[in-house]
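Ready for a walk through this model? Keep your viewer open, with the selection box at hand, and follow the stops below.

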Amino acid sequence: MTTANNKKNRIALTGGAAAAEALRQIEPEVMAVYPITPQTPIIETYAKFQADGEVETEIIQVESEHSAISASVGASAAGARTVTATSSQGLALMNEILYIASGLRLPILMLVSARALSAPINIHGEHGDVMDARDAGWIQIFSENAQEVYDNTIIGMKLAEKAGLPVMVIMDGFSTSHSVENLEILEKDVVKKFVGEYRPEQYLLKIDDPVTFGPLALQNSYFEFRVDQEKAMKDSKEEYLKIAKDFEALSGREKNYFESYKLDDADQAVIITGTAAGTAKDVVDKMRKNGEKVGLLKINLFRPFPREEIVGALKNVKNIAVMERAISLGTYSPFYADIASGLHQEEKNIPMQQYIYGLGGRDIFAKDIEKVFEDLAENKISKEIKYIGTNK
Amino acid sequence: MKYHKEIFEIIFHGRGGQGAKAAAEIVAQAAVSEGKFVQAFPNFGPERSGAPTKTFVRISDKEIRNHEPVVDPDVVVVLDETIADSVDVTTNLDKNEALIINSKKSVQEIKEKLNFEGRAYPIDANGISMEIIGQPRPNTVILGKFVQVTEAVGLESVKKEFEKIFLGKIGKEATEKNLQAIEKAYDTI
């Protein structure tokens, strides 16, 4: 065992500062920064580390998020370990370059403090921004609290470089990014050793063995590039689990594609992620005390989607509620659609209700989640999407 | 009824820029230094300088997983008594729960004005702060009263955290005056 469980390493930080702390220990070579609420605490905290001489990272201040991700693409292609961070409109503005980063297989790590998209203007937490980027070829990992932000930042950096793909580590805007919570941190040298040195096989500044990044690929080859990219994405799933398990051994904190909480013998199951998953676990405990067989599945790795494993964990439940903090206008939200396709493949016909909660920072309470479980137990399941805590 | 009986929950009412967040953070970090689990977070409303704000703190011996805003507090701290004119600061405060308010008014006057039947602890934090620090800094002064009333964290831990956060920012002399003011508030009846 390492010093991970040593009490002196137990501190309290905001989720944003927890991300910056993990980055301080990783000490990337380049960080491209542009401020946006509620992401700014991440880059602000890190910039202070750099100004105080604690890290030697080259911080590139740019004039927009489009430039932040473009600078990251340049730095990463040149061979540097590269990170950036954003939220909401910033992530939307990056969209064009997100595809370039993943198409070029650049292992950029991006912290996202997830927030609603305009219009109407709203600066508060939800998952709409990261869901908008879910098909962009980035690995996506959700975090429940400051501890998971810290852990996932370290896992994410290593995963990006091992898988040769960009990674988004996601925290809930405000409710994680701006909340002070306890966490245990590892020693800097332990983190540095875990992440390892970054030695890319090919990079633009390898002048004795020059390569081209981003050439034209037309009808005769583009398709194969995309199929290869899908294969890399698929393969990264195993890589994630390997790194997550290595991190588990190092930290003593359980890591997996998803967290099964009292799901084994559960009749009623809730699928959820982010901060609300913590609240939901308290609800499960309370209802279990009353003898109700309830459980939950919290999604950690969302892209690539661990479909078979999730369906495997759900196979014995009677009813499912999928609670999402994002709206896919015109259809069901992403978790629901992905899980439904998995259940269909396994020929599992489990009734499943779609709930949407927390858009634009709307509060979600334990009693709301309790009501979801109660409705499931009464088989109140329909094709209609239910909106929690609204007048709709 | 409280959902989490084993978690001690606090709401700080202040005005934007008045330091409610700093006070909440000192309490939280003091609790962490005593080996406890905490959460401290602002109510994520539109924050403008001078507008009423809420900051929440949770303290527990066990890991805190719940992420709701605090709606049923064990104690409420009001840094500016004029807030009570526009915000119902005693919502869900029961008879055995405490209201700590920066005010020159008497216990009886506070109870009558706010139609509150619980434990009221007015403290002239502005007065103490003007007298010792020479500036109105009610947010840290009131922490002395908070410790006296709740015993949720120790006085020494609070003073240590104050020093940790502010020594570099305001210097030795001002830090010492603030610590004196915290002690004075702790000693008030």
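Helices and strands here are DSSP runs numbered from the N terminus, with helices (H or I) at least four residues long and strands (E) at least two. With that naming in hand, select A119(A), which sits in the loop between β5 (109–114) and α5 (128–132) of chain A. Look at the bond leading into it: the peptide from S118(A) to A119(A) is cis, with omega near -5°.

Before going further, colour chain A by confidence, since this is a predicted model. The mean pLDDT of chain A is 96, and 98% of its residues reach 70 or more. Residues 1–6 of chain A fall below 50, and that stretch has 14 contacts in the model beyond near neighbours in sequence.

**More backbone stops**

Most peptide bonds are trans, and most residues other than glycine have a negative phi. Now select R303(A) and P304(A): a cis peptide bond joins them, with omega about 0°. P304(A) belongs to the loop between β12 (301–303) and α10 of chain A. Then jump to K262(A), in the loop between β9 and β10 (268–272) of chain A. K262(A) is not a glycine, yet its phi is positive, at about 50°.

**A pair of helices**

Next, show α10 (residues 307–314) and α11 (residues 334–345) of chain A; their axes are 9 Å apart and cross at about 75°. That angle makes α10(A) roughly perpendicular to α11(A). Turn on side chains and you will find R307(A), I310(A), V311(A) and L314(A) of α10(A) meeting residues of α11(A), including I339(A) and L343(A). Sorted by class, this contact has five nonpolar, three polar and two charged residues.

**A salt bridge within chain A**

Which residue does R253(A) meet in a salt bridge? Select D151(A): the two side chains come to 2.8 Å, N to O. R253(A) lies in the loop between α8 (222–251) and β9 (258–261) and D151(A) in helix α6 (residues 146–163), so the pair ties together parts that are 102 residues apart in sequence. Over all chains, a search of the whole structure finds 45 salt bridges.

**Across to chain B**

Finally, bring up both chains: 28 residues of chain A are in contact with 21 residues of chain B. The two chains bury about 2100 Å² between them, 53% of it on carbon and sulfur atoms. Highlight V180(A), N182(A) and D282(A), which supply 26% of the area that chain A buries against chain B, more than any other three residues. Stay on D282(A) for the last stop, where its side chain meets that of R65(B) in a salt bridge of 2.9 Å, N to O. The interface of chain A and chain B has two salt bridges by the rule.

Conventions:
Residues are numbered from 1 along each chain as its sequence is written. Chains are lettered from A and ligands numbered from 1 in the order in which they are written. This is a predicted model: local features need pLDDT of at least 70, side-chain atom pairs count only at pLDDT 80 or more; totals for chains, interfaces and linings use all residues. Side-chain values use heavy atoms; hydrogens and water are left out. pLDDT is the predictor's confidence in each residue, from 0 to 100. Contact means heavy atoms within 4.5 Å. Axes are lines fitted to C-alpha atoms, for helices over the stretch in contact, and angles run from 0 to 180 degrees between N-to-C directions. Angles under 35 degrees count as roughly parallel, over 145 as roughly antiparallel, 65 to 115 as roughly perpendicular and the rest as oblique. Ala, Val, Leu, Ile, Met, Phe, Trp, Tyr, Cys and Pro count as nonpolar, Asp, Glu, Lys and Arg as charged, and the others, Gly among them, as polar. Buried area is the accessible area (1.4 Å probe) that two parts lose on being put together, summed over both. A salt bridge is a side-chain nitrogen of Lys or Arg within 4 Å of a carboxyl oxygen of Asp or Glu.
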